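Please work through the exercises below with the sequence and the 3D structure at hand. Each task is followed by a solution in steps.

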Amino acid sequence: MSQSPVNRFKALTLAEEQIVDLDLQLLKRKLRITETPCDTKALVGDRELKAFCSNDYLGLANHPRITEALVEGARKYGVGSGASHLISGHSAAHESLEKQLAAFQADHIPNARALFFSTGYLANLTAITGLARLAPRGEVSIYSAKLNHASLIDGVRLASAQNNASVTLFDHTQPELLLTDLQKDTKALKLIVTDAVFSMDGDLAPVKKLLNIAEQCDALLLVDDAHGFGVLGKHGHGVLEQEQICSDRIIYIGTLGKAAGVSGAFICAENTFIEWLIQKGRPYIYSTATPPAIAHALLQSLKIIDSEEGAQRRAHLNRLITIWQSEMKFSKWEKVLSCTPIQPIILGSNADALMAAKLLDEAGYWIPAIRPPTVPIGSSRLRITFSANHSEDDLRALINTLNLIEQRVLEKTH
Ligand SMILES: *Cc1c(COP(=O)(O)O)cnc(C)c1O
């Protein structure tokens, strides 16, 4: 093992300089260690903080029946899957989970089949790069919403690099412009890619309109419902259920580490597309299957999402959203007032967002400052999220605290 000390020194110096630079721009991120399960209160160091920042919208991440199912799954299947799905890692638990996930979308995607992944990041890379390989190099156009999640952006970049796909960004609030672009497009394969719920704003994509455009222009529509699955729709089946949409042009992505409270993700689409992704989806093929116990636990989570308990959790979550909307309507904070559990307060600069987060921290709240590149430059924010485990009193106490610090923050920022 010989390593040139000169090269190593150069790389280390570069890394040190870049990190100092990030710090100067107030863009350095820090890990905080929690000692407790994900819930509405978190022990961070020796302080108990009231957390309004996780994506555990239904409060299932620490649910006793799902924990029990994980233990049961481990007893039944052991720990590791041992291999990728196509070699020998595809267990009966994975298969049952995929059947159940497909059943959730059966009214919305004809001939639906689901494929389970260890993360949403991997599912998005697989779906976008895999679908792009349906057409010859240079014969693919991808239309990607500007505020899409990083994993969609990276999937699009990879498809562009591997398959010479052309990429056009679109503003999801102006779908008519997308229609104009698509009508001129003569490529063999056209793919529209969007978040269903925009993760940093909480607003919804106009999924019905996008589907309509996809149908008019012979395109596919990939919808990433990471923040809608479990939350939206009467049974929590997600955005397609809520919007009552049905089409075999839809490639649906759901993630299972947010409202579902566990880990993983899935692609659900018309069976032929899934069959193709199993053949050609490189991130799927070349990655070890998730531990089967996780799939076993997820079956329990899906049961809860689909049950009366799930409906009650969604109803409570919607009550919290309504309280927030009515209480915050007249506050001076710049906000979105979305219809989802994601409620941002926009501060603008990194310094202001960090100051607001610090004041909240001093008041006992855990709500981190979200900064670029996660959000556009100049729109640094607090991203407040609700869980069905928050009580109405928890929410009212947060609103009181926000009212108290409003004056202090707004004086300094204007
Ligand atoms: C969180 C998220 C992902 C990634 O899912 P993971 O399972 O956390 O990798 C993908 N898309 C969106 C919109 C997300 O918010």
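The exercises that follow concern a predicted model and treat its ligand site, its cysteines and its annotated domain.

**Exercise 1. The shell around the ligand**

Determine how many residues surround the ligand, and of which classes they are.

Solution. Step 1: Collect the residues with a heavy atom within 4 Å of the ligand. This gives 14 residues, and the closest are Gly120, Tyr121, Asp224, His227 and Lys258.
Step 2: Sort the shell by class. Nine residues are polar, three are charged and two are nonpolar.
Step 3: Assign the shell to secondary structure. Helix 5, which spans residues 120–132, supplies the largest share, namely three residues.

**Exercise 2. Polar contacts of the ligand**

Identify which ligand atoms lie opposite Lys258, Tyr121 and His149, and state what percentage of the ligand's accessible area the protein covers.

Solution. Step 1: Apply the cut-off for a polar contact, a pair of N or O atoms within 3.5 Å.
Step 2: Examine the ligand's oxygen atoms. An N or O atom in the side chain of Lys258 is 2.6 Å from an oxygen atom of the ligand. For Tyr121, the backbone provides the N or O atom, at 3.0 Å from a ligand oxygen atom.
Step 3: Turn to nitrogen. A ligand nitrogen atom lies 3.4 Å from a polar side-chain atom of His149.
Step 4: Consider the coverage. On its own the ligand has 380 Å² of accessible area, of which the protein covers 82%.

**Exercise 3. Cysteines**

Explain why Cys268 forms no disulfide, and decide whether Cys268 is buried or exposed.

Solution. Step 1: A disulfide requires two cysteine sulfur atoms within 2.5 Å.
Step 2: The cysteine sulfur closest to that of Cys268 belongs to Cys246 and is 11 Å away, so the separation is too great for a bond. The structure as a whole holds zero disulfides.
Step 3: Burial means a relative accessible area under 20%. Cys268 has a value of 0% and is therefore buried. Cys339, by contrast, is partly exposed, because its relative accessibility is 47%.

**Exercise 4. The annotated domain and Phe170**

Describe the span of the UniProt domain annotation, and locate Phe170.

Solution. Step 1: An unreviewed UniProt entry annotates residues 52–401 as "domain: Aminotransferase class I/classII large".
Step 2: In the model, this span is 45% helix and 17% strand, and its end C-alpha atoms lie 13 Å apart.
Step 3: Phe170 belongs to strand 5, residues 166–170. Its relative accessibility is 4%, so Phe170 counts as buried.
Step 4: Phe170 and Ala388 are 218 residues apart along the chain, and their C-alpha atoms are separated by 33 Å.

Technical notes. Residues are numbered from 1 along each chain as its sequence is written. This is a predicted model: local features need pLDDT of at least 70, side-chain atom pairs count only at pLDDT 80 or more; totals for chains, interfaces and linings use all residues. Side-chain values use heavy atoms; hydrogens and water are left out. A polar contact is a pair of N or O atoms within 3.5 Å; within protein, one must be able to donate a hydrogen and the other to accept it, and residues adjacent in sequence count only if both atoms are side-chain atoms. Accessible areas come from the Shrake-Rupley method with a 1.4 Å probe; for residues, only the protein chains shown count as cover. Helices (H or I, at least four residues) and strands (E, at least two) are DSSP runs, numbered from the N terminus. Ala, Val, Leu, Ile, Met, Phe, Trp, Tyr, Cys and Pro count as nonpolar, Asp, Glu, Lys and Arg as charged, and the others, Gly among them, as polar. Buried means under 20% relative accessible area, exposed over 50%, partly exposed in between (1.4 Å probe, protein chains only). UniProt positions are given in the numbering used here, feature names are shortened, and annotations may be inferred rather than shown by experiment.
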